[in-house]
Amino acid sequence: MSSKPTSSKPTSSRPTSSKIRTTTLPSGEAVPVLGQGTWKMGEDRRRRADEVAALKLGLDLGITLIDTAEMYAGGGAEEVVAEAIAGRRDETFLVSKVLPTNASWAGVMRACENSLKRLATDRIDLYLLHWPGSVPLAETVGAFEALTAAGKIRHWGVSNFDTDDMEELVGLASGGNVQTNQVLYNLSRRGPEFDLAPWSLKRGIPLMAYSPVEQGALARNARLDAIAVRHNATAAQIALAWVMAQKGVIAIPKASRQEHVRQNAAALDIALTPQDFAELDRAFPPPTRKRGLEMI
Ligand code: NAP
């Protein structure tokens with residue numbers, strides 16, 4: 001691992017192409033393959049202005065999918081998002097999540113109302129169960145379907161579901177309405193490629209890759225530097241470009257620094273070559289056997 005600061009490296013940070021690449025949800029709706037994460041935002045008032053500015057810049061650059069959750073900063077991240085999207089709700093695709101401890105019928109209803117209030121909006125575009133819990137899945141799905149019928153959410157999905165969890169889900173009444181599964185997926189966490197990613201691709205259910213730069217660790221990875229140099233990019237941009245090159249995958253990096261937002265948007269324009277992919281496979285081998293889905 002290199003300890004060089006990424007800021008000293010050559011950086012491809014031009015504004016991204018006017019039209020951002022998209023993938024399609026099972027509903028038929030197109031969503032950008034790059035979104036903005038918000039975990040750790042809203043925790044410190046002194047950082048709030050920077051966080052809001054970063055999210056706004058992302059919107060300006062066309063990164064209109066924003067991922068948040070009732071869990072982040074105890075709802076504080078949703079409030080940061082509300083500030084960032086004020087006056088721009090219609091250009092934003094809002095993703096939020098309900099905790100498994102709130103996944104009963106009544107709990108989901110309450111949690112959704114609270115998220116809507118904090119987000120200062122009348123609807124969430126995609127509402128996810130944050131991870132599998134002890135409430136029967138059918139009850140949570142029933143609540144999601146009722147929220148959809150009421151117009152409080154437009155779509156629903158899940159997060160941290162392994163292949164067997166997904167099999168159980170799609171076997172339920174209305175379970176086939178799931179629109180995404182948000183999972184830990186990046187170059188150093190390639191486990192989902194063994195069976196979850198092919199399973200999802202076959203059914204047209206996009207994976208939403210969280211921690212796509214491994215919470216910043218891949219930005220400091222020396223093995224990515226050699227490839228980055230060839231693209232006049234940073235290691236983080238290569239890690240991100242790799243995730244976004246996977247079919248049916250949406251990457252949602254969190255960036256509270258504007259320079260990072262610019263770099264992440266510019267990563268959309270990096271076309272990795274067969275040589276790059278081969279080198280990346282050697283440095284970060286794909287899985288050869290099933291391992292349980294990892295979570296952060
Ligand atoms: P991440 O996006 O892999 O990494 C975030 C870190 O990387 C931050 O420290 C950020 O710095 C830095 N970074 C971002 N862009 C960079 C760039 N171009 N160059 C160098 N460093 C860069 O990790 P994450 O926040 O864990 O995951 C992303 C999002 O996924 C979360 O925010 C959250 O919305 C979601 N998530 C979901 C789950 C789940 O269970 N469903 C779990 C984890 C995360 P700055 O902030 O200083 O710019």
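**View 1. The shell around the ligand mixes nonpolar, polar and charged residues.** In this predicted model, the shell divides by class into 11 nonpolar, 13 polar and five charged residues. Altogether, 29 residues surround the ligand, and the closest are Asp67, Ser211, Ser256, His260 and Asn264. If you follow the helices, look for α9, residues 258-266: this helix gives the most to the shell, with three residues.

**View 2. Oxygen atoms of the ligand meet polar atoms of the protein.** Start at Ser256, where an N or O atom in the side chain is 2.7 Å from an oxygen atom of the ligand. At Trp39, a polar backbone atom is 2.9 Å from a ligand oxygen. His130 takes part through its side chain, with a polar atom 3.4 Å from an oxygen atom of the ligand. On its own the ligand has 900 Å² of accessible area, and the protein covers 92% of it.

**View 3. The largest pocket holds the ligand.** This pocket has a volume of about 1,100 Å³. Its lining counts 43 residues, and Val213, Gln215, Gly216, Lys254 and Ala255 are the closest to its centre. Helices α1 (45-60) and α9 each supply at least two lining residues, and α9 gives the most, with four. Sorted by class, the lining has 15 nonpolar, 16 polar and 12 charged residues.

**View 4. Here is the second largest pocket, with a volume of about 250 Å³.** Around it are 19 lining residues, and those closest to its centre are Arg189, Arg190, Gly191, Pro287 and Arg291. The lining of this pocket divides into eight nonpolar, four polar and seven charged residues.

Definitions and conventions. Residues are numbered from 1 along each chain as its sequence is written. This is a predicted model: local features need pLDDT of at least 70, side-chain atom pairs count only at pLDDT 80 or more; totals for chains, interfaces and linings use all residues. Side-chain values use heavy atoms; hydrogens and water are left out. A residue is near a molecule or strand if one of its heavy atoms lies within 4 Å of it. A polar contact is a pair of N or O atoms within 3.5 Å; within protein, one must be able to donate a hydrogen and the other to accept it, and residues adjacent in sequence count only if both atoms are side-chain atoms. Accessible areas come from the Shrake-Rupley method with a 1.4 Å probe; for residues, only the protein chains shown count as cover. On a 1 Å grid over the protein atoms alone, a cavity is a set of points where a 1.4 Å probe fits but cannot get out, and a pocket is an open set with protein on both sides within 12 Å along at least five of seven lines; lining residues have an atom within 4 Å of a point. A molecule sits in a cavity or pocket if more than half of its atoms lie within 2 Å of its grid points. Ala, Val, Leu, Ile, Met, Phe, Trp, Tyr, Cys and Pro count as nonpolar, Asp, Glu, Lys and Arg as charged, and the others, Gly among them, as polar. Grid points are joined across faces, edges and corners, and a volume is the space filled by probe spheres set on the points.
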